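Grab your viewer and work through these exercises at your own pace. Each one has a task, then a solution in steps.

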2 protein chains.
Amino acid sequence: MIPTIKDVAAHAGFSIATVSRAINAPHTVNPVTLDKVRQSIDALHFRPSPLGRQLRGERSRLIGVVLPTLANPVFAECLQGIDELASAQGYRLMLMTTQYDADRERHAIDTLRTQRVEGMILTVADADTHPILDELDRDGLLYVLMHNDTVRRPSVSVDNRLAAYDGVRMLIAHGHRRILMLAGTLAASDRARLRHTGYVQAMQQAGLQAAPALEIDFNADELAPPVLAHLTSGATRPTALFCSNDLLAMVVMRGLRRAQFDVPRDMSILGFDGLAVGELLSPPLASISAPNREIGCAAWRRLTGRIEGTYECDASLSLTLPHTLREGATIAAIAGASDGGVARVRELPQAGR
Amino acid sequence: MIPTIKDVAAHAGFSIATVSRAINAPHTVNPVTLDKVRQSIDALHFRPSPLGRQLRGERSRLIGVVLPTLANPVFAECLQGIDELASAQGYRLMLMTTQYDADRERHAIDTLRTQRVEGMILTVADADTHPILDELDRDGLLYVLMHNDTVRRPSVSVDNRLAAYDGVRMLIAHGHRRILMLAGTLAASDRARLRHTGYVQAMQQAGLQAAPALEIDFNADELAPPVLAHLTSGATRPTALFCSNDLLAMVVMRGLRRAQFDVPRDMSILGFDGLAVGELLSPPLASISAPNREIGCAAWRRLTGRIEGTYECDASLSLTLPHTLREGATIAAIAGASDGGVARVRELPQAGR
DNA sequence: GTGAAAGCGCTAACAT
DNA sequence: ATGTTAGCGCTTTCAC
């Protein structure tokens, strides 16, 4: 069915070696021969099989990408960055998603190994505890983590703890005192934990009381009534919510709106991720913004740097990209907040160090 | 570096044939031998290379996916559906994006062919005119188009013309008379054209004047001043905008908002795609909704049906999935619209036939 | 139950 | 300039 180099050789009346040369080193064959071979190639619609080539030890130029989901645009944005560089550099991408499930993470990575990818870009739930990453290290397989915030492995991320800290300090500077953190139910990720740590630190430093993150079901159409009650009633209801990601923030905003709660008048909201769609909201979502596309690109550069042996500096280390506070309009100042407070927050260092 | 079946054979003290059998037909080897071989496999972390296997004519279980971009969630949603079924059925996905560029489409498809994918799921700019699809037909390569609305090739889509027609009739039923259609600059796609056709038909049928689609730069931060003027000033300014996709609708909404134009009070907006994020907007975006995840799943089923020869009905034909009108809150009734008009629209057939 | 050997598509070293 | 051949990792007869 599919023609092989043999078919071309027979059709052209030369040996397979000549055909191979015509393809891979055209200048070494007689122009007349070359022309005939090329005609046969066209006539038969021949294209060299990567199998034979790879079998000979050539590179596969195949990179694996493992993401939790594409339903959250944060990963689609990263993938955009990766895909752009991959196309430009003639690599192919094999994509797998895991739904934040450790078993599926293992399975995805296993599959990619079996496919002999040259390296992988991974976003896993928990980078520090997942034994499969140790296996990769042990076996010398190249990978770069993306959005996993760990210094123990090659990774590209923002400083999640510091970013959350900066964001919550900003809320505090706007006069908020009762600030609650919300997280998704699948939030047992290293990122979510670090974001909570940053929240706690900012709160404690301001002498405020930090609470455990309140878990919200992402996919539910409505906020659960007890959750809604917790957010909206009582004298001690929070005046601001720090959501561990933008998608969650958007779901919560909708829930509050349906309960006739105005954002930001009745509740301020701060997200995390800096999704492009967040800026299209009304009001535009305030968010601790990660350079997602750039994180994807940086992960790519580190990985290919190691693959091709051309790494700028030490690409086996973790890289922290700067986050930014995207102001948006979902945060209101609380009466009594001093301007000094607002001024102070602007001087905060916003990048890891 | 990477162990081969030979290494395992040597380590276990058997021939490579026995190792192969231990892997592929365990019941045919002596349990003791089997055990030893398995120990060696574990000890060496051996995994059979797909190259050798495929070289022997086994299936690659590799499917190519070609999408315009991941920046538009509509394609990410489709990909979600595809990916789900692919994982479940043990297929691998190779992903390429094209940015709506015909050359990149050709290149992507070429690359996937060279990689010997068993089939591809494609979203191209124009399904009817792209010669590369004829090449696929000629060479017997399996593919299914996704979101390309054509009866000439295997495809899964909504009826874009009818969907647009339904949507615009709904606007008309709400009393709108001056309805403008907006499209992105990259909108020279078959879908965009069909949506415009549906718009024109609905307008003409109501005795209203249809206009050419107004092109909007998607990525611009602001609406271009002349565009904004066109939308917002003059006695003949439109009262409703039909946007050829949701992302565009969101960008336009932001532009209008910034110009102090309230949606839907000063302008009604109807999108197309039914993006999940649209429902999270305030007000929730009215949209002609395509079942994107399901379109991805259906495309997958058709493709694998053909690959595995188990097609339900004739999978080489195009499949039209039903669209729905998502009401949202970005559409206001215009004074003078009769209730009868609104009632009538609810009776519209909403699925293709 | 196990081994030897051929062959899948291709490249490269060697031979002509 | 072109042809011959070995061998990459694996499965699968065919012998033993």
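**Exercise 1. Crossing the interface**

Task: Find the acidic partner with which Arg47(B) forms a salt bridge, and place both ends in the fold.

Solution:
- Arg47(B) pairs with Asp110(A), and the closest N and O atoms are 2.9 Å apart. Keep in mind that this is a predicted model.
- The cut-off for a salt bridge here is 4 Å between a side-chain nitrogen of Lys or Arg and a carboxyl oxygen of Asp or Glu, so the pair qualifies.
- Now look at it from the other side: Asp110(A) has its closest N–O approach to Arg47(B) at 2.9 Å. The pair runs between chains, with Asp110(A) in helix H6 (residues 102–114) of chain A and Arg47(B) in the loop between helix H3 (31–44) and H4 of chain B.
- Counting between chain B and chain A gives 2 salt bridges, while the count over all chains is 30.

**Exercise 2. Sizing up the contact**

Task: Work out how many residues each chain brings to the contact, and how much area gets buried.

Solution:
- Chain A puts in 45 residues, and chain B puts in 45 residues.
- Between them the two chains bury about 4,500 Å², with 58% of it on carbon and sulfur atoms.
- On the chain B side, Arg47(B), Arg116(B) and Leu280(B) lose the most area to chain A; together they make up 17% of what that side buries. That's the Arg47(B) from the salt bridge with Asp110(A) again.

**Exercise 3. Symmetry**

Task: What rotation and shift superpose chain B on chain A?

Solution:
- Rotate by 180 degrees, with 0.0 Å of shift along the axis, and chain B lands on chain A with an RMSD of 0.1 Å.
- That is how copies related by a two-fold axis behave.
- To find the axis from chain B, go to Met94(B): its C-alpha is the nearest one in that chain, 2.4 Å away.
- Next, compare the contact surfaces. Of the interface residues of chain B, 100% are also interface residues in chain A, so the copies meet through the same surface.

**Exercise 4. A hole inside**

Task: Count the cavities of 30 Å³ or more, then describe the lining of the largest cavity by class.

Solution:
- The count comes to 1 cavity, and the volume of the largest cavity is about 200 Å³.
- There are 14 lining residues, and those closest to the centre are Gln54(A), Gln115(A), Gln54(B), Leu62(B) and Gln115(B).
- Helix H4 (50–55) of chain A and helix H4 (50–55) of chain B each supply at least two residues of that lining.
- By class you get 8 nonpolar, 6 polar and no charged residues.

**Exercise 5. Backbone oddities**

Task: Locate the cis peptide bond at Pro283(A), the one at Pro264(B), and the positive phi at His45(A).

Solution:
- Ser282(A) and Pro283(A) are joined by a cis peptide bond with omega of about -5 degrees. Pro283(A) lies in the loop between strand E9 (268–273) and strand E10 (286–289) of chain A.
- In chain B, check Val263(B) and Pro264(B), where the cis bond has an omega of about 10 degrees. Pro264(B) sits in the loop between helix H11 (246–258) and strand E9 (268–273).
- His45(A) is not a glycine, yet its phi is positive, about 55 degrees. You'll find His45(A) in the loop between helix H3 (31–44) and H4 of chain A.

Methods. Residues are numbered from 1 along each chain as its sequence is written. Chains are lettered from A and ligands numbered from 1 in the order in which they are written. This is a predicted model: local features need pLDDT of at least 70, side-chain atom pairs count only at pLDDT 80 or more; totals for chains, interfaces and linings use all residues. Side-chain values use heavy atoms; hydrogens and water are left out. Copies are superposed by least squares on the C-alpha atoms of residues with pLDDT of at least 70 in both. Contact means heavy atoms within 4.5 Å. On a 1 Å grid over the protein atoms alone, a cavity is a set of points where a 1.4 Å probe fits but cannot get out, and a pocket is an open set with protein on both sides within 12 Å along at least five of seven lines; lining residues have an atom within 4 Å of a point. Grid points are joined across faces, edges and corners, and a volume is the space filled by probe spheres set on the points. Helices (H or I, at least four residues) and strands (E, at least two) are DSSP runs, numbered from the N terminus. Ala, Val, Leu, Ile, Met, Phe, Trp, Tyr, Cys and Pro count as nonpolar, Asp, Glu, Lys and Arg as charged, and the others, Gly among them, as polar. Buried area is the accessible area (1.4 Å probe) that two parts lose on being put together, summed over both.
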